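Thank you for making the time this morning. I would like to take us through one structure, beginning with how its copies are related and then turning to the fold within one of them.

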Number of protein chains: 2
Amino acid sequence: MGKIERKICGYTFEEFIERVKAFHGSCAPGVIIGGVMVDVAQKHLPPGRFYDAICETSVCLPDAVQILTPCTIGNGWLSIVDFGRFAIILYDKETGEGVRVHLDPQKLSNFPEIEAWFLKKKAKKEQAIESILREIRAGGEEILRWEKVRIRPETYRRPKLGAVAICPVCGEAYPAKHGEKCLACVAKEKEAQAI
Amino acid sequence: MGKIERKICGYTFEEFIERVKAFHGSCAPGVIIGGVMVDVAQKHLPPGRFYDAICETSVCLPDAVQILTPCTIGNGWLSIVDFGRFAIILYDKETGEGVRVHLDPQKLSNFPEIEAWFLKKKAKKEQAIESILREIRAGGEEILRWEKVRIRPETYRRPKLGAVAICPVCGEAYPAKHGEKCLACVAKEKEAQAI
């Protein structure tokens, strides 16, 4: 038997690994599993719609989303709500309806290498990336759980940046709605007063 | 005379524009100027060192950094401190010494199209991307200001994520240091109490 042909958003497993190395700098298990998560989410979303993304951690997952979807931090279609949970949400820009996928720690018993990595049961230097990848390849979806979610309008309808002001303290441009000074200068003043 | 040959971190202007379109989804002026900013910062940093990045806004600039440097959100080498200022900092991972580059609104008088875009003096549909790009290409560095900075150790020495716990409420994994429940479940409880 040959290797199981697991595709990740249209890429072969090897192609995806190469893209992860190029963007993320290393073949981190969190980004590879993140790729499977994005793939699972996309399969459960209606086609032909535009969606935004939320990652519930800033670790690894945002890079899987940025590699595999049009959503990036800089274009505003990817947000991070840093609960420290290993979960991603893809949701319809217009309706807020979407899919949340997370790695379920209860589903790891048949995947000892992923479990050791995810729950930090082994020191990093004892983890074998090849074994972890083999397990992801063999059963990536089985360790995940997905559910339908609905994002609130106040979350998915982002307020516009609005008018630009020049900060009277630092002389730089900032969103006028922040107030009479930019937030950096406000923070500096607070710090100076505290000393 | 031919076009001015402006290189951005080793890429030609056209190559960089193609990379921006592929990653960011459109040729946004903020990402293009962000590229010039990264280029300026790198020129003033000693070679052969490893550096991390900070963007002072989540708009556009993080994508320039992620396209041109090894720093991404998911690998932790790029952070966002969202002051809403159009500035990036690249700094030495070991020493915290680095360079901050920002777009200086006082330097825009010879760049009317960039000024109209940056200070929102024209509606978006009236802005001509070709004219903005021409101005960036002609004088991109002239609109910037750079300075040496030193990042504090508590900023650049990020605390480790540490041990993993399973949340007794949602059953998902989270950083044990967050407390007895994950932050998402704490937030949900607070909200329920407020109603």
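Before I speak of a rotation axis, I should say that copies are superposed here by least squares on the C-alpha atoms of residues with pLDDT of at least 70 in both, and that what you see is a predicted model.

With that in place, chain B is brought onto chain A by a rotation of 180 degrees, with 0.0 Å of shift along the axis and an RMSD of 0.0 Å. The two copies are therefore related as by a two-fold rotation axis. Which residue of chain B comes closest to the rotation axis? That residue is I73(B), whose C-alpha lies at 4.0 Å from the axis. As for the contact between the copies, 100% of the contact residues of chain B recur in chain A, so that the same surface serves both.

Let me now move to the sheet in chain B, which is open and consists of 5 strands in the order β4-β3-β5-β6-β7, with mixed pairing. Its edges are formed by β4 (78-80) and β7 (144-150) of chain B, each of which pairs on one side only. If direction is ignored, neighbouring strands of this sheet are turned against each other by 20 degrees on average.

Looking inside the sheet, strand β3 (residues 51-55) and strand β5 (residues 87-92) of chain B are antiparallel partners joined over 5 bridges, and I54(B) stands opposite I89(B) of β5(B). Packed on the sheet is helix α2 (residues 29-43) of chain B, which touches β5, β6 (97-103) and β7 of chain B, and whose direction makes about 30 degrees with that of β5(B).

Notes. Residues are numbered from 1 along each chain as its sequence is written. Chains are lettered from A and ligands numbered from 1 in the order in which they are written. This is a predicted model: local features need pLDDT of at least 70, side-chain atom pairs count only at pLDDT 80 or more; totals for chains, interfaces and linings use all residues. Two residues are in contact if their C-beta atoms, placed from the backbone, lie within 7 Å. Two strands pair if DSSP finds at least two bridges between them. Helices (H or I, at least four residues) and strands (E, at least two) are DSSP runs, numbered from the N terminus. Axes are lines fitted to C-alpha atoms, for helices over the stretch in contact, and angles run from 0 to 180 degrees between N-to-C directions.
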